[in-house]
Amino acid sequence: MTMDELIQQASTYLDKNDIALLKKAYEFANEAHKGQVRKSGEPYIMHPIEVAGILVELKMDVITIVSGFLHDVVEDTPITLEDIREKFGDNVAELVDGVTKLRHFEYTSKEDQQAENHRKMFVAMARDLRCVIVKLADRLHNMRTLKFMSHEKQIQKANETMEIFAPLANRLGISTIKWELEDISLRYLKPQQYYKIVNLMKQKRDEREAYVAQVVEDLKQYVKSVHIDAEISGRPKHIYSIYRKMVNQHKQFNEIYDLFAVRIIVKSIKDCYAILGIIHTHWKPMPGRFKDYIAMPKANMYQSLHTTVIGPKGDPLEVQIRTEEMHDVAEYGIAAHWAYKEGKVKNINNKFEDKLTWFREILEYQKETDDAKEFMESLKMDLFSDTVFVFTPKGDVIELPVGSVPIDFAYRIHTEIGNKTVGAKVNGKMVPLDYKLKTGDIVDVMTSSHSYGPSRDWLKIAQSSAVKNKIRQWFKRQQRQENVAKGHEMLEKELRSQNLSLKDNLTEEKIMHVAKKFNFSHENELFAAISYGGITAKQVVTRLTEDDHKPSEAAEAEERIKQFSENKPSANQHRKTSLGVRVKGVDNLLVRLARCCNPVPGDAIVGYITRGRGVTIHRIDCPNIKNEEHQRLMNVEWENNESKSKAYNVDIEIMGYDRSGLLNEVLQCVSDAHTPINGVSGRADKNKVATIHMTIAITNIDHLYRVVEKIKRIPEIYSVRRVMQ
């Protein structure tokens, strides 16, 4: 498709402003991809044009088509997502981001990277389903040009298309894309079988077409006699459909008679059933081959009447009957949704939104697992499996994956009904909970308010990963409640062991204050962390009582300073040392900072006269001087005018959750604070608690506080404290 053809086709349903935006997107993409070529040798811009053209054929809205033009710009050119956002708005930027591959992370394998890319697309799809329509259009054009790729790449792309993209197109009801993706994939995966079917179809094409033409003419006469307006046409079966029938039914090509289907499109649902009656009057229906997808639509909103009859020559003939609206949905599926949104066809928004809740349920699972491969396997199982239709006792239709059991049914009705299920009746008879449901079954779930909840065995028999996830969440909540209770008990025990009051320390205000110190948003998270060993009860008690100790420590420091300051010395009585400490005027006095407590400017300090080593400067709260002879202590103070370039070593201890990259984040944080690191070591215990010891060089106590606060803001850091050796 050329750009002129695209604009001409888009003009049939978009206004002038939309067309102007399409041209702007094309010019932007053309400039961004200038000089780039594809494997075929053609200019790269041809790919975005073709992708946008496919979206126009689907009659997508202007935002989606613009995203089709720009879908590779961020991935393959220097253009950033912010550039897209600035020129084309948030909606286009979100769609482009959703189909852009992840490139800036390291993965252990290509499979992991691909799985993560797919997960990213599906998560974006949960926010805006148009994202996946752009991706399907992108994949369709790539498959059309697959012949220019290496054989290995052809097999890989064809397999991926059959496993993910074709079933996804089917689940979203976009049959025009689904059939083409399947046929092209079959050409590369099973070339011998593909070309054999193509040749066999060519051999008797004239004969079959003449037969269908006769059938169509007969039907027109029958319909005309009852004065119903109808559009009747023949539709050849797709190659992959024939191949699948040959494999599944173990038939040769000449044993397959319904290579063509006849499609009848009418004005109303009433006319659909009237036409069905006419067909069954003139041709005998085959038992078990009638399906009413109007009364029971497929999950992708597909609606139609299907019947297979014995045709004029005694061969099976498949007939599909639907309204014009049903035909739009059958061809374009969810893509038709945006035409409906724009008000160009009768609105069926709510039906689409209701029917697509299955997808959002499945995406809830992605929040529960970090394993992209596991997520994709669950997605494939739920999205792409066949379905059964069962009924509630009130006659409501519930669609479930093939192999579903009453547990799947119960959770589909409501999570609480699933959690309280104790038994089930199918068609009025009691059945075990692992009974495989069949289409047409009437299911009645029995619940009890005294139920202990789901059994872990249900995880083995439930079919839907969404249901399994709900069961896992129930057990997680139960376990969490046990952890909260156990953690609360452990904290009370620790307080008693230290002869501390439960009433004074376990107040809601104090607990929430400490929880925030450990970066927990709720007190229950704090109690649970105590239970599973994320933090210790002793650490929490220390935080609970730290404010109680501060006044006494301050008073003690004040008393000591007063004791060692009998007369405040004048400036000329002090000597300034290279360490930034002033002592009473003693010439040639050796002064050093104690390594046990590493005092820094801003700390309350005291001097200790050692034997033969001069005066050692300690923090006034250092335990190493508490029991020393008072007569050997002397008054010292920091020199206020000391240069800020002087650095002092401080030892800090950082505790947090042992996760990948934690140490790197801490080191980067300290580095960003322009603070030299003179030593670092770390360890982790069996409870996944990491302890990092670090020696940093700071200029004063305020500098230290700034560094500590920065580290505390790192996610999953429990505590940061200054330590003594």
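# Notebook: looking around a predicted model

**Entry 1: D441**

I began with D441, which sits in the loop that runs between β9 (429-431) and β10 (443-447). The helices (H or I, at least four residues) and strands (E, at least two) I mention are DSSP runs, numbered from the N terminus. I noted that this is a predicted model, where local features need pLDDT of at least 70 and side-chain atom pairs count only at pLDDT 80 or more, while totals for chains, interfaces and linings use all residues. Residues are numbered from 1 along each chain as its sequence is written, and side-chain values use heavy atoms, with hydrogens and water left out.

Which side chain of opposite charge is nearest to D441? I found K438, 4.4 Å away, and D441 is buried yet has no salt bridge. Here Lys and Arg count as positive and Asp and Glu as negative, with His and the chain ends not counted. A salt bridge needs a side-chain nitrogen of Lys or Arg within 4 Å of a carboxyl oxygen of Asp or Glu. Buried means under 20% relative accessible area, exposed over 50%, and partly exposed in between (1.4 Å probe, protein chains only).

K438 turned up again through its backbone: its nitrogen lies 2.8 Å from a polar atom of the D441 side chain. I then looked for contacts (heavy atoms within 4.5 Å). Leaving aside neighbours within four places in sequence, D441 is in contact with F389, V390, F391, V426, N427 and Y435.

**Entry 2: K157**

Next I picked K157, a residue of helix α10. K157 is also buried without a salt bridge, and E160, the nearest side chain of opposite charge, is 4.2 Å away. Not counting residues up to four places away in sequence, K157 touches R139, M143 and L146.

**Entry 3: L172 and helix α16**

I moved on to L172, in the loop between α10 (151-171) and α11 (175-189). Is L172 buried or exposed? L172 has 2% relative accessibility, so I wrote it down as buried. I also looked up V329: L172 and V329 are 157 residues apart in sequence, and their C-alpha atoms are 9.7 Å apart in space. V329 is one of the buried residues in helix α16 (residues 324-332), along with M326, H327, A330 and E331. After α16 comes G333, with a positive phi near 55°.

**Entry 4: helix α24**

I checked the span of α24 (residues 465-497), using 1.5 Å times one less than the number of residues as the expected value. Its 33 residues should span 48 Å, and the end C-alpha atoms are 47 Å apart, which agrees. N499 follows α24, and its phi is positive, near 55°.

**Entry 5: strands side by side**

I reminded myself that strands of a sheet pair through backbone hydrogen bonds, either parallel or antiparallel. For pairing, DSSP must find at least two bridges between two strands.

One open sheet has 4 strands in the order β13-β15-β14-β16, with mixed pairing. β13 (591-593) and β16 (633-634) are at the edges with a single partner strand each, so one side of each has no neighbour in the sheet. β13 pairs with β15 (residues 615-619) in the parallel sense over 3 bridges, and L593 stands opposite I617 in β15.

Then I turned to β20 (residues 689-698), where 9 of the 10 residues are buried. β18 (residues 648-657) pairs with β20 in the antiparallel sense over 10 bridges, with D651 opposite T695. β19 (residues 677-684) also pairs with β20 in the antiparallel sense, over 7 bridges, and here A684 faces A690.

**Entry 6: salt bridges**

How many salt bridges are there? I got a count of 15.

D61 and R130 form one, with the closest N and O atoms 2.6 Å apart. This pair links distant parts of the chain, 69 residues apart: D61 is in the loop between α3 (46-57) and α4 (62-70), and R130 is in helix α9 (residues 130-144). D61 is buried at a relative accessible area of 8%, and R130 counts as buried at 11%.

D138 and K135 form another, at 3.6 Å between the closest N and O atoms. They are 3 residues apart in α9, so about one helical turn separates them. Both are buried. I also noted a network, in which salt bridges that share partners join E82, R85, D90 and E94.

E31 and K34 meet in a salt bridge too (3.4 Å, N to O). E31 is exposed at 52% relative accessibility, and K34 is exposed with a relative accessible area of 60%.

**Entry 7: the whole protein**

To finish, I noted 30 helices and 21 strands, and that buried residues make up 49% of the 725 residues.

Note on methods. A polar contact is a pair of N or O atoms within 3.5 Å; within protein, one must be able to donate a hydrogen and the other to accept it, and residues adjacent in sequence count only if both atoms are side-chain atoms.
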